[in-house]
Amino acid sequence: MLQVESLTKSFDGFLAVSGANLSVERGEIVAVIGPNGAGKTTLFKLITGHLRPDEGRIIFEGQSISGLRPYEVCRRGISLSFQVVNVFNRMTVFENVQVAVLSHQKKTRKLFSSSGRHGIEETEEILGNVGLADKARRVSGSLSHGDQKVLEMAIALGNRPDLLILDEPTAGMSPEETSVTIDLIHRLTRELGLTILFCEHDMELVFSIAHRIMVMQYGRSLIQGAPQEVRSNEEVQAAYLGGT
Amino acid sequence: MQRGPFNWKTLWPYAAVFAALLFLPMALSRFYIYITAVIYVTALLAMSLNMVVGHGGLYQFHHAAFYGVGAYTCALILVRTELPAWVAFAAAPFAAAFTGLLIGWFCVRLNKLYFGMLQISLGSLLWAIVFRWYDLTGGDDGIHGVPIPDAISTINTSYYFILLVLAACVSVMYLIYRSPFGKTLQAIRDNPERCEAVGINVRRHQLMGIVVATFFAGIAGVLFVVVEGSVFPDLLFWVLSLEVFIMCLLGGWFTFAGPMVGAAVTVALRTFVGTYTEYWTLILGVILILLIFFLPEGVMGFIIEKVQGGEAEE
């Protein structure tokens with residue numbers, strides 16, 4: 001479904017991503033792990049078009065998507081849930097998700113009909129799925145951090161993506177919120193059959209839900225394989241898992 | 001979720017105000033009717049600006065340019081051609097919107113302040129053309145004695161015409177405010193990066209917002225011609241743009257009706273304080289400073305917060 005081949009991106013001479021390879025098959029959950037600064041977020045932003053790669057190829061569903069603008073990548077079926085909460089602060093939770101649904105339905109240019117008539121069921125369904133239905137009318141800026149991270153994901157779901165990219169879905173969450181989010185991700189993959197690419201520092205989460213894991217260090221991809229394979233790889237143990 | 005575009009529960013105060021305004025000319029002297037009409041024209045201009053500033057998050061720094069284009073288009077067709085008056089009235093908003101499309105097309109390529117700077121430059125260029133092109137525009141003398149159709153040429157009939165057009169425009173603006181497009185524009189204001197990530201072509205929507213807003217600015221320009229019977233280059237001057245921008249802030253730029261309040265306050269200040277001192281902008285400046293400290297959401301934002309304070313919190 002998604003192939004990333006020898007992708008490279010540098011900022012002012014610093015190689016953030018250097019020759020990274022990654023592949024994601026339909027229906028799979030793939031995790032990217034690696035120490036802070038290994039280039040995980042940069043890799044995701046290259047895929048979603050927020051950054052332009054210097055070299056390398058990104059193939060999605062058989063077509064090159066490198067160099068496309070973020071909105072074009074999104075329309076091909078890839079949604080990103082940001083690591084740092086990135087929502088529409090002055091709008092309600094409902095409106096936050098509705099905007100993504102309207103965008104997906106290509107209704108954002110309707111001038112003279114009420115937004116109360118478009119994308120309502122879809123939005124309610126997503127909010128129900130992620131457990132934000134009772135907070136639908138709250139202004140999103142007033143939510144707790146954990147709820148805002150869940151809203152992040154809900155917005156990304158609004159586009160009905162084929163591939164959902166989650167950049168550290170549990171970052172900054174309390175242990176309780178983290179376990180709720182893990183359940184949510186489990187449910188999303190089981191019930192909606194989503195293909196998910198995510199990165200995460202919580203190793204328990206990674207090894208419990210990922211089908212395959214890709215390990216990054218210094219912008220390079222060390223290995224991509226099944227959890228067992230990654231766990232027993234010596235290079236990975238030395239680089240990241242600390243010999244456990 | 002509110003399903004219909006108009007909800008009487010929240011709109012009846014506006015309907016009541018509108019009804020009261022219909023009877024206003026019976027109670028007021030000619031001068032005050034005229035001032036009220038000027039407030040309506042300015043209110044429409046401020047409302048049109050707020051569509052892109054408050055709801056779209058764009059630094060539309062030279063909105064008056066489009067207002068001026070509307071007013072001049074209307075006046076020139078009335079004075080220089082034999083075309084019927086309705087053609088002049090209809091052509092003006094389209095001329096303004098077309099200018100908005102041209103200038104906006106360049107501006108949306110830039111962000112924030114750079115957007116504003118480029119717009120001031122291009123708008124000032126328009127002002128310079130109007131100011132210098134004596135043969136067409138009459139230069140700094142402007143055009144006086146524009147023939148207004150008899151039906152709306154007296155102070156009372158023009159008052160009603162302007163009030164009705166204002167009410168119609170504000171209703172349409174409200175429709176747009178609550179439409180999928182309106183919501184999208186508000187989302188772009190809050191977070192353009194996120195909008196791109198959910199598949200929205202931000203620049204195209206911003207440009208569309210500018211075209212809609214400048215269309216209404218053009219209508220305001222027509223109303224100015226109706227109430228004043230003349231046009232002059234100051235209509236396109238950047239100082240007016242700044243004033244209108246301040247009206248939006250003053251009234252509450254995140255609210256829908258706030259800019260009308262801001263326009264009323266500003267025009268009233270200019271008229272009444274202006275008779276005592278030519279330094280009325282000094283008073284406006286002081287009010288603005290107080291506003292920033294005490295009512296950062298504007299007058300209307302403050303009122304809405306007070307009225308809904310209890311019920312909005314869950």
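**Sheet and domain contact in chain A**

Student: In this predicted model, over how many bridges do strand 1 and strand 4 of chain A pair?

Tutor: Strand 1 of chain A covers residues 2–11, and strand 4 of chain A covers residues 55–60. They pair in the antiparallel sense, and the number of bridges is five.

Student: Which residue in strand 4 of chain A stands opposite A:E5?

Tutor: Strand 1 of chain A, residues 2–11, pairs with strand 4 of chain A. The residue of strand 4 that stands opposite A:E5 is A:R57.

Student: Which strands of chain A stand at the edges of the sheet?

Tutor: The sheet is open and antiparallel, with its four strands in the order 2-1-4-5. An edge strand has a single partner, so one of its sides is left without a neighbour in the sheet. In chain A this applies to strand 2 (14–24) and strand 5 (63–64).

Student: What angle does the direction of helix 1 of chain A make with that of strand 2 of chain A?

Tutor: Helix 1 of chain A, residues 40–47, packs on the sheet. It touches strand 1, strand 2 and strand 4 of chain A. Its direction and that of strand 2 of chain A make an angle of about 65°.

Student: Which helix gives the largest share of the side of domain 1 of chain A that touches domain 2 of chain A?

Tutor: Chain A is divided into domain 1 (2–77 + 161–241) and domain 2 (89–155). Their contact takes eight residues from domain 1 and six residues from domain 2. On the domain 1 side, the largest share is three residues, and these come from helix 6 (residues 175–192) of chain A.

Methods: Residues are numbered from 1 along each chain as its sequence is written. Chains are lettered from A and ligands numbered from 1 in the order in which they are written. This is a predicted model: local features need pLDDT of at least 70, side-chain atom pairs count only at pLDDT 80 or more; totals for chains, interfaces and linings use all residues. Domain bounds come from an automatic or database domain assignment. Two residues are in contact if their C-beta atoms, placed from the backbone, lie within 7 Å. Helices (H or I, at least four residues) and strands (E, at least two) are DSSP runs, numbered from the N terminus. Two strands pair if DSSP finds at least two bridges between them. Axes are lines fitted to C-alpha atoms, for helices over the stretch in contact, and angles run from 0 to 180 degrees between N-to-C directions.
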